[in-house]
Amino acid sequence: MTASSISFSSSLFHCGSRNLWFPLAYKTPQTSTIRRWKATHLESSQTKMTQFANLSTLSSEATGSTTSPEGPVLPNPKPWLIVGLGNPGKKYNGTRHNVGFDMVDKIAEAEGISVHSASFKALFGKGFIGNIPVILSKPQTFMNVSGESVGPMVSFYKVPLRQVLLIYDDMDLPFAKLRLLPKGGHGGHNGMRSVIDHLKGSREFPRLRIGIGRPPGKMDPVNFVLRPFNKQERDELDFTFQNGVEAVRILLLEGFNKSATFVNSAKSLEQLG
């Protein structure tokens, strides 16, 4: 399946919307045989559906698949919502404050997901990472009111907060350094402050922070975050984005702990030098 062929509504995220069918094991049975078959098969189908419902709630740490006595069970049907924070408009493209947008674009490119639908005050796209359904989103509200987009989207798609990943810039991290955390506060970041406010004050969601470093000298932080990167910085950041894409894949498919280990052990382009 290619990215261009993916087109689905939120109902795809509900396993209950899928129809079950069973091949007929007879040609022209008598009426009594049909009745016995229907009664037996109905009971069997109900049993299997109950087992499926019970097993589907037992997701792994990565909300991945588990195994039933009859084989693999579908993964948790709730999607992951992956949100990159930034400012809309060409004047902000390539600036430090927009590395969240850039990371989402890299994920979309790697996974073949088109992020061009417009709703919830965002540009977003739906697809899969491995067998996990995902929604990639770039709020178009301007950074400081990002929650006006994120909050309604979480509510509409009924996304568990543990499956809402926020990606954004952080001046307190060295340039091009990644940090994955399971939860936390806003750390003075106004975009994150808005998201937390629109999630009813909850901080129980993971976030991937991208280091942009501190402003040089006495430069105003506001001016610093709106500065573009030079070529050397862009090369190093592109390498960091590659690690970020891999970290997100590991997070969804193998769980938070493995992803955090990968992020913490990843070397920068400068270190590989």
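**Fold and packing in a predicted model**

Of the 273 residues of the protein, 44% count as buried. The model is predicted. Its secondary structure comes to 8 helices and 9 strands. Contacts between residues at least 6 apart in sequence were also examined, and 68% of them join residues at least 24 apart.

The sheet is described next. It is an open sheet of 7 strands, in the order 4-5-6-3-7-9-8. The pairing is mixed. Strands of a sheet pair through backbone hydrogen bonds, either parallel or antiparallel. Strand 4 (117-119) and strand 8 (178-181) stand at the edges. Each has a single partner strand, so one side of each is left without a neighbour in the sheet. Neighbouring strands of this sheet are turned against each other by 25 degrees on average, direction ignored.

One edge begins with strand 4. Strand 4 and strand 5 pair in the antiparallel sense, over 3 bridges. Within this pair, Ser117 has Phe124 in strand 5 as its bridge partner. The two strands form a hairpin with 2 residues between them. Phe120 lies in the turn and has a positive phi of about 55 degrees.

Strand 5 (122-129) continues the sheet. Of its 8 residues, 6 are buried, so strand 5 is largely enclosed by the rest of the structure. Strand 5 and strand 6 run antiparallel and are joined by 8 bridges. Leu123 stands opposite Lys138 in strand 6. These strands also form a hairpin, with 2 residues between them. Here Gly130 takes a positive phi, near 65 degrees.

Further along the order lies strand 7 (residues 164-170), which pairs with strand 9 (residues 207-211). This pairing is parallel and spans 5 bridges. Asp170 stands opposite Gly211 in strand 9. Strand 9 also pairs with strand 8, in the antiparallel sense, over 4 bridges. Leu178 has Ile210 in strand 9 as its bridge partner. Strand 8 has two unlike faces: Leu178 and Leu180 form a covered one, while Arg179 and Leu181 form an uncovered one.

Helix 2 packs on this sheet. It touches strand 3 (80-84), strand 5, strand 6 (132-139), strand 7, strand 8 and strand 9. The direction of helix 2 makes about 145 degrees with that of strand 6.

Helix 2 (residues 99-111) also meets helix 6 (residues 231-254). Their axes come within 9 Å and cross at roughly 60 degrees. That angle makes helix 2 oblique to helix 6. The crossing of the two helices is right-handed. From helix 2, the contact involves Val99, Asp102, Met103, Lys106, Ile107, Ala110 and Glu111. From helix 6, it involves Arg234, Leu237, Asp238, Thr240, Phe241, Gly244, Val245, Val248 and Arg249. By class, the residues of this contact divide into 8 nonpolar, 2 polar and 6 charged.

A second helix pair is formed by helix 3 and helix 4. They pack at an angle of about 35 degrees, with their axes 8 Å apart. This crossing, too, is right-handed. Gly147, Glu148, Val150 and Gly151 in helix 3 meet Ser194, Val195 and His198 in helix 4. The contact of helix 3 with helix 4 has 2 nonpolar, 4 polar and 1 charged residues.

Helix 4 has several buried residues. They are Gly191, Met192, Ser194, Val195 and Ile196. These buried residues pack against helix 3 (147-157), strand 7 and strand 9. Helix 4 is followed by Lys200, which has a positive phi near 60 degrees.

Ser194 is found in helix 4 (residues 190-198). Its relative accessibility is 6%, so Ser194 counts as buried; the cut-off for buried is under 20%. With residues up to four places away in sequence left out, Ser194 touches Asn144, Val145, Ser146, Gly147 and Glu148. Two of these residues, Gly147 and Glu148, belong to the helix 3 side of the contact with helix 4.

Technical notes:
Residues numbered from 1 in each chain as written. Predicted model: local features only at pLDDT ≥ 70, side-chain atom pairs only at ≥ 80, totals over all residues. Heavy atoms only, no water. Axes fitted to C-alpha atoms, helices over the stretch in contact; angles between N-to-C directions. Parallel < 35°, antiparallel > 145°, perpendicular 65-115°, else oblique. Left-handed = near helix turned anticlockwise from the far one by under 90°. Contact = heavy atoms within 4.5 Å. Nonpolar A, V, L, I, M, F, W, Y, C, P; charged D, E, K, R; others polar. Pairing = 2+ DSSP bridges. Buried < 20%, exposed > 50% of the residue type's maximum accessible area, 1.4 Å probe, protein only.
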